[in-house]
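Q: Got a model to go through with me? Let's start with the ligand.

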Amino acid sequence: MTNATATLFNYSFALTQPNAHAKVPPAIRKIVIVGGGSAGWMCAMTLAAALLPKGIQIEVLESPVVGIIGVGEGSTPWLRGFFDSLGIEESEWMPACNATYKCGITFDNWSTKPGFESYFHPFASMLDNLTMTQFVYNSTARTNGVDVHAHPNRFFIASRLAEQCLAPKPERNFPFDVWYGYHFDAVLLGQFLQKKAIERGVKYRSCHVRNVQLAENGDIAAVVTDGEDSIAADFFIDCTGFAGLLIQQALKTPYVTFSNNLFNDAAVAMPTPIGDDIPPQTISSALRNGWAWKIPLTNRYGNGYVYSSAFCSAEEAERELREHLGLLDAPTEARHLKMKTGRVTKHWNRNCVAVGLSQGFIEPLEATALLFIQRTISSFVEFLESGDVSEAAQARFNHALNEHFEGTRDYIVTHYKTNSREDTDYWRANTANANLSEPLQQLYRQWMSGKSIVGDINRQAIGKGYPVFSWYCIMSGMGIFPEPATLRAPTPVEARYRMTEIDNLLTRSASNFRKHRDVLGGIPAKTREDALQIYFW
Ligand SMILES: Cc1cc2nc3c(=O)[nH]c(=O)nc-3n(C[C@H](O)[C@H](O)[C@H](O)COP(=O)(O)OP(=O)(O)OC[C@H]3O[C@@H](n4cnc5c(N)ncnc54)[C@H](O)[C@@H]3O)c2cc1C
């Protein structure tokens, strides 16, 4: 597989292309994907691009009786690479999925500290290289008791774009690329990918899998449908959602729960109308027993309340969400969902790889699930193409994914652990949560003692989840600093970075971006020059 790589802080992005020299083991002639949700179709597209040209058959089985989860409308910037690697333009898929651009997430009311009641976690951009040093310097100075500005919002172009409803698409003469993700209708995305995959040669069968047949050596030999068809394959991809029909139920792969430090296990969702302005951001507002998402699409907002059923009932959650949205007496229908957080110990077990909710789920707070899907399936393709499907290869694959899961989990836990709300048992329980991984405890110790956290992040698994600047954003954004009354005035050296200069730079930069709604009205097809600009800066 050939990779074109761009590095952003400690993120490394791989643009995958079919590899003509791949050494896929000859025993693998047919791969069956069980499940037709986002995971199933994303896998089908990725496998089709890499393996159909080599004559390997790909078939998706989807139950006509078990629906898809149908939520999951926010992404990270990595989804951009998914579509690019498949040669699908934004101008094609975005209108088909009512998609909008996403510059990051605003976290409202997670902290009660004055001045830190709201902050924005941006997707980074090249321009941030001009202000990152200042942000990290000021944050570190403030942890050491110096009264300098360290709230993340004033340092990053993405927060300006979000505030002003501008699309993260600069005019052509603007010399910096801006990193962005998307919001989209999850059901439409599934339908779009299904249509594309079938057009590209993936086979599709609507059938309910009732049973999984194991071979003598313990591998999966075939799946048996309600209609008594036995469908054999050399390899199986489990995309059956939380059921984990193959990986968990048939292969009995152990599951590690995250419920001891991520308390949410349920959600309720409902749409609201959207006006003329489309904010290019998700808003995550802390409520009494969890948090509510607000995701802008071109035709509506998707809203939902993710909460812990140990602290409130489904009826209470629905009522609170309705109140939050001003829908108390509205006839808008609510969808209630259960969810489980954790991960399997082996994402690749025998001749099965689990992708999507079947492999694990952290929680939707940072919208990372599609990124795990992408990462899992593209990494599996890399192993296949290297010709190495040995147990040692599987162990490397599983270790890397587990680190990614744990690192991301620790970042999400930090949202809850650093909250300063004391209004409900739920928030008090989150503050009191002592089930923290050792790397996370070490990171908190470093931060509280005013030391740099860069080394810890880069050395440990937590760096596999989020880059350094995201950790600075969360700790600074939540106001994890000494009490304001104890801060001292900065010396001239400590006050070296003038906020007015940063403000001016970002104001001038923001003037290069157009209204989000206007850009969405006519997304241009990408030119080759644009593509190179994205991947080779
Ligand atoms: C409240 C909530 C909010 C979320 N928000 C986000 C977000 O903002 N961003 C993000 O990236 N992710 C989010 N996610 C996660 C995201 O929704 C999922 O990761 C994504 O949709 C993939 O789901 P899936 O395909 O694994 O499972 P599903 O959508 O559940 O699909 C399972 C598939 O398996 C099939 N199936 C099941 N059993 C059988 C059987 N016996 N035989 C045949 N077929 C079968 C079903 O028919 C279905 O097609 C969220 C999840 C939740 C719960």
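**Ligand and pocket**

Q: Which backbone does a nitrogen atom of the ligand reach?
A: A polar backbone atom of Ser63, at 3.1 Å from that nitrogen. A polar contact here is a pair of N or O atoms within 3.5 Å.

Q: And how much of the ligand does the protein cover?
A: 96% of the 1,000 Å² of accessible area that the ligand has on its own. Areas come from the Shrake-Rupley method with a 1.4 Å probe.

Q: What is this model, and how are residues numbered?
A: It is a predicted model, where local features need pLDDT of at least 70, side-chain atom pairs count only at pLDDT 80 or more, and totals for chains, interfaces and linings use all residues. Residues are numbered from 1 along each chain as its sequence is written, and side-chain values use heavy atoms, with hydrogens and water left out.

Q: Back to contacts. What do the ligand oxygens touch?
A: An oxygen atom of the ligand is 2.9 Å from a polar backbone atom of Ile69. A backbone N or O atom of Leu357 also lies 2.9 Å from a ligand oxygen.

Q: Which residues come nearest?
A: Gly36, Val66, Val71, Gly74 and Val209, out of 33 around the ligand. Being near takes a heavy atom within 4 Å.

Q: Which helix gives the largest share of that shell?
A: H9, with three residues. Helix H9 spans 369-386. Helices are DSSP runs (H or I, at least four residues), numbered from the N terminus.

Conventions:
Polar contact = N/O pair within 3.5 Å; in protein donor to acceptor, adjacent residues only side chain to side chain. Helix = DSSP H or I, 4+ residues; strand = E, 2+ residues; numbered from the N terminus.
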